[in-house]
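Colleague: Could you walk me through how to read helix packing and symmetry in a model like this one? I would like the general idea and then the case at hand.

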There are 2 protein chains.
Amino acid sequence: MSGMTTAAAADSEKRSPGRPRSARSEQAIIDAVLEMIADGDALETISIESIAARAGVGKATIYRRWASRDQVVIDAVASMKLPIPEVAGESVRADLITLMSQIGQPNGARSGKVMTCILPQIARNPDLHEWYQQVIEPRRAVTRAVLRRGIDTGELRADLDVEVVLLVLTAPMILQRTMRWNPALDGPDLAERVVAAVLTGAAPPA
Amino acid sequence: MSGMTTAAAADSEKRSPGRPRSARSEQAIIDAVLEMIADGDALETISIESIAARAGVGKATIYRRWASRDQVVIDAVASMKLPIPEVAGESVRADLITLMSQIGQPNGARSGKVMTCILPQIARNPDLHEWYQQVIEPRRAVTRAVLRRGIDTGELRADLDVEVVLLVLTAPMILQRTMRWNPALDGPDLAERVVAAVLTGAAPPA
């Protein structure tokens with residue numbers, strides 16, 4: 001999306017010193033969007049007007065930084081993502097557990113609730129879906145690199161179905177952490193159990 | 001939830017012959033709820049009033065069958081579930097592919113869109129979450145029985161982490177089918193690839 005460039009430019013401006021009032025308004029605007037999403041408002045119903053009212057700013061303040069409603073929503077969602085985690089690079093199993101443990105971990109108290117609302121709505125909007133792919137692809141790339149390293153070192157099978165294994169590792173973490181799919185699986189050891197199940201396989205040893 | 005008994009009783013009444021007008025109203029009410037969810041309305045904002053307006057019926061018509069708003073929503077969501085699939089019972093792999101293939105398959109054109117909206121909202125509402133567990137547990141039980149049979153026949157490892165493997169099989173299908181998580185994985189062979197990855201395991205043969 002072309003709007004990402006604008007947002008990125010505004011982002012560096014936001015972080016420059018000497019503009020505290022503007023930075024405060026921008027944080028209030030982002031917070032307003034996140035609160036509305038957490039309250040259950042559908043993305044489609046969030047407007048520049050409703051954001052302005054909730055943030056206590058004028059519409060012009062929003063348009064000074066963002067060109068459209070979609071771009072405000074995009075920046076709000078992106079603000080919840082934790083930094084891409086670093087991996088130790090020694091054991092593929094340990095690195096996968098590190099990466100899976102971070103999935104669905106809220107960046108701040110609100111974001112778990114927000115993400116459960118946002119994912120399906122992103123899926124329904126082709127523009128947002130395409131943008132979200134650009135947000136998550138660098139994260140996917142980190143796990144993919146660990147899997148490829150494992151193939152090279154012999155820690156993983158040479159014929160690994162890499163894209164499917166990425167999904168098979170990631171989807172359980174997302175579904176359980178954001179939707180509490182199976183309450184019997186509550187607990188801190190889920191990433192370890194998922195990685196173990198995927199590495200070992202359900203079939204018996206040959 | 002105690003309301004399920006009422007709804008079940010009304011359900012058999014609905015199917016009895018000679019009450020076409022009442023059945024038509026009830027279908028219009030269920031359709032109205034599904035349409036509102038598909039439009040992106042948050043569950044919290046759906047009221048008896050808004051259902052009545054959308055379905056073109058009086059509130060009394062709704063209260064004649066359902067005791068509360070939650071019960072209308074529950075019946076609407078339950079109406080989208082396909083019957084629990086039957087499995088051939090010969091090969092565990094084939095049965096798992098059969099079961100996984102059905103996940104996220106829409107029961108009617110609208111339900112895929114509706115389910116992506118509904119799952120996170122169910123997760124946020126403890127009463128609905130508990131109710132939904134009762135809806136999905138019988139489905140989970142079918143797959144669990146196939147896994148246990150596999151342990152008995154030796155098609156699966158004796159030390160299988162059954163609940164985690166259930167999640168590891170199911171979550172990829174849900175996430176990909178309802179949210180199109182990774183567009184690279186679009187295609188009709190996903191269930192087969194997921195089952196193969198989970199059976200085989202990512203670790204190399206010992």
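Colleague: Let me begin with a pair of helices. Are α10(A) and α9(B) roughly parallel or roughly perpendicular to each other?

Modeller: Happy to help, and please keep in mind that this is a predicted model. Two packed helices are described by the angle between their axes and by how far apart those axes are. Here helix α10 of chain A, residues 190-200, packs on α9(B) at an angle of about 75 degrees, and the axes are 10 Å apart. The pair therefore counts as roughly perpendicular.

Colleague: Which residues in α10(A) meet α9(B)?

Modeller: On the α10(A) side they are A:Leu190, A:Arg193, A:Val194, A:Ala197 and A:Val198, and they meet B:Val164, B:Val165, B:Leu167 and B:Val168 in α9(B). As a general guide, an α-helix has 3.6 residues a turn, so residues three or four places apart point the same way.

Colleague: Let me zoom in on one of them. Is A:Val198 buried or exposed?

Modeller: A:Val198 is buried, with a relative accessible area of 4%. Leaving out residues up to four places away in sequence, A:Val198 touches A:Val165, A:Val168 and A:Leu169 in its own chain, along with B:Val168, B:Gly201 and B:Ala202. A:Val165 is 33 residues away from A:Val198 in sequence, yet their C-alpha atoms are 7.8 Å apart.

Colleague: At what angle do α9(A) and α9(B) pack?

Modeller: These two helices, residues 162-179 in each chain, pack at about 85 degrees with axes 8 Å apart, and are therefore roughly perpendicular too. Among the α9(A) residues that meet α9(B) are A:Leu167, A:Ala171, A:Pro172 and A:Met179.

Colleague: Where is the kink in α9(A)?

Modeller: The kink, about 25 degrees, lies at A:Thr170, shortly before the proline A:Pro172. The 18 residues of the helix still reach 25 Å from first C-alpha to last, close to the expected 26 Å. Since 17 of these 18 residues are buried, α9(A) is largely enclosed by the rest of the structure. Just after the helix comes A:Arg180, with a positive phi near 45 degrees.

Colleague: What turn lays chain B on chain A?

Modeller: In general, two copies of a chain are related by a rotation about an axis and a shift along it. Here the turn is 180 degrees and the shift 0.0 Å, giving an RMSD of 0.1 Å. The copies are thus related as by a two-fold rotation axis. In chain B, the C-alpha nearest that axis belongs to B:Gly201, at 1.7 Å. The same surface serves both copies, as 100% of the contact residues of chain B recur in chain A.

Key
Residues numbered from 1 in each chain as written. Chains lettered and ligands numbered in written order. Predicted model: local features only at pLDDT ≥ 70, side-chain atom pairs only at ≥ 80, totals over all residues. Heavy atoms only, no water. Least-squares fit on C-alpha atoms with pLDDT ≥ 70 in both. Contact = heavy atoms within 4.5 Å. Helix = DSSP H or I, 4+ residues; strand = E, 2+ residues; numbered from the N terminus. Expected span 1.5 Å × (residues − 1). Bend = angle between axes of the 7 residues up to and from the residue. Buried < 20%, exposed > 50% of the residue type's maximum accessible area, 1.4 Å probe, protein only. Axes fitted to C-alpha atoms, helices over the stretch in contact; angles between N-to-C directions. Parallel < 35°, antiparallel > 145°, perpendicular 65-115°, else oblique.
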